[in-house]
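Colleague: I am new to this structure and would like a close look at a single part of it. Could you take me through the sheet and what packs on it?

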Amino acid sequence: MFGFLPYGPFNKRGAFAQALIAKCEEIASKPKGISHETAAAAATTGLTAIQSMRDLGRLPASGGQVLVTGASGGVGSISVGVANKLNASVTAVGSGMGLEIARRLGAASVLDRTQADLPGNIHEQFDVVFDAAAAFRWRKWRGTLKTGGAFVTTLPSFAFAVDKAASLFARTRVHFVNVKSRPADLELLAGWLEEGLEVPLATSIPVRDLAKGLAQLQKAGGRISVRVADGF
Ligand SMILES: NC(=O)c1ccc[n+]([C@@H]2O[C@H](COP(=O)([O-])OP(=O)(O)OC[C@H]3O[C@@H](n4cnc5c(N)ncnc54)[C@H](OP(=O)(O)O)[C@@H]3O)[C@@H](O)[C@H]2O)c1
């Protein structure tokens, strides 16, 4: 099975379980030749990337230009590869090893968020600015968007609501993604994973190391899959 339980900013509490019940209309078949751990790490991040850039961003089918933030994180790092699959040219914003990962995954350019004055140092214009890190505001970045372009964030906030209202009178758009486990998107992602789409920053731990894994996740981000098969 490939997919995830409903995810949202208001259901952050969760649990770990060996079995769960999911709706058939929210899952797809696991990609072939990919481990369960990698598939688990890819589902939310990959679909967040697809639904943000292709659907909310309305990235042109022929490609276009995308800027992705949080390239050192779970969503931002896979977004570089997903944007390439969507035929887009990618500028990645990140820090540390995220910059190397973004280069390896085919980003046309990378910007170190700790060095560059953002968005002041950006002179290109994008079809989509995907703020995977949820660290920036449309109000400051709207000048980097083409007419009709979209700024898509991963977290709703008061600032987002203010920007959304202001954007009603602007030539660029601002959206918040709320990722959904949709079979058609899961099948698309599964195909890309079978073709070799990388899931960066995905690690796997045995369930007995769960506490350590959660601490690492808080510190470094990315995705950690928990294995129960080798026992408690
Ligand atoms: N709404 C949805 O449907 C949905 C779906 C998935 C995820 N999310 C949300 O999306 C966000 C990202 O998720 P994730 O899994 O990628 O998290 P993550 O793995 O923890 O990565 C977070 C990233 O944010 C970057 N960051 C932190 N502070 C920053 C700042 N001030 N400026 C620029 N970048 C900064 C970090 O970069 P550095 O390494 O450079 O510090 C890191 O790359 C989370 O808030 C998550 O809750 C929402």
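Modeller: What follows is a description of the sheet, strand by strand where possible.

This is a predicted model, in which local features need pLDDT of at least 70 and side-chain atom pairs count only at pLDDT 80 or more, while totals for chains, interfaces and linings use all residues. Residues are numbered from 1 along each chain as its sequence is written.

The sheet is an open one of 6 strands, arranged in the order 5-4-3-6-7-8 with parallel pairing; strands here are DSSP runs of E with at least two residues, and helices are runs of H or I with at least four residues, both numbered from the N terminus. Two strands pair if DSSP finds at least two bridges between them. At the edges lie strand 5 (109–112) and strand 8 (173–176), each of which pairs on one side only. From one strand to the next, the twist averages 15°, where angles run from 0 to 180 degrees between N-to-C directions and axes are lines fitted to C-alpha atoms, for helices over the stretch in contact.

Within this sheet, strand 6 (residues 126–131) and strand 7 (residues 145–153) run parallel and are joined by 5 bridges. Asp131 stands opposite Thr153 in strand 7. Helix 5 (residues 158–167) packs on the sheet, where it touches strand 7 and strand 8, and the direction of helix 5 makes about 145° with that of strand 8; residues count as in contact if their C-beta atoms, placed from the backbone, lie within 7 Å.

Terms used
Contact = placed C-beta atoms within 7 Å.
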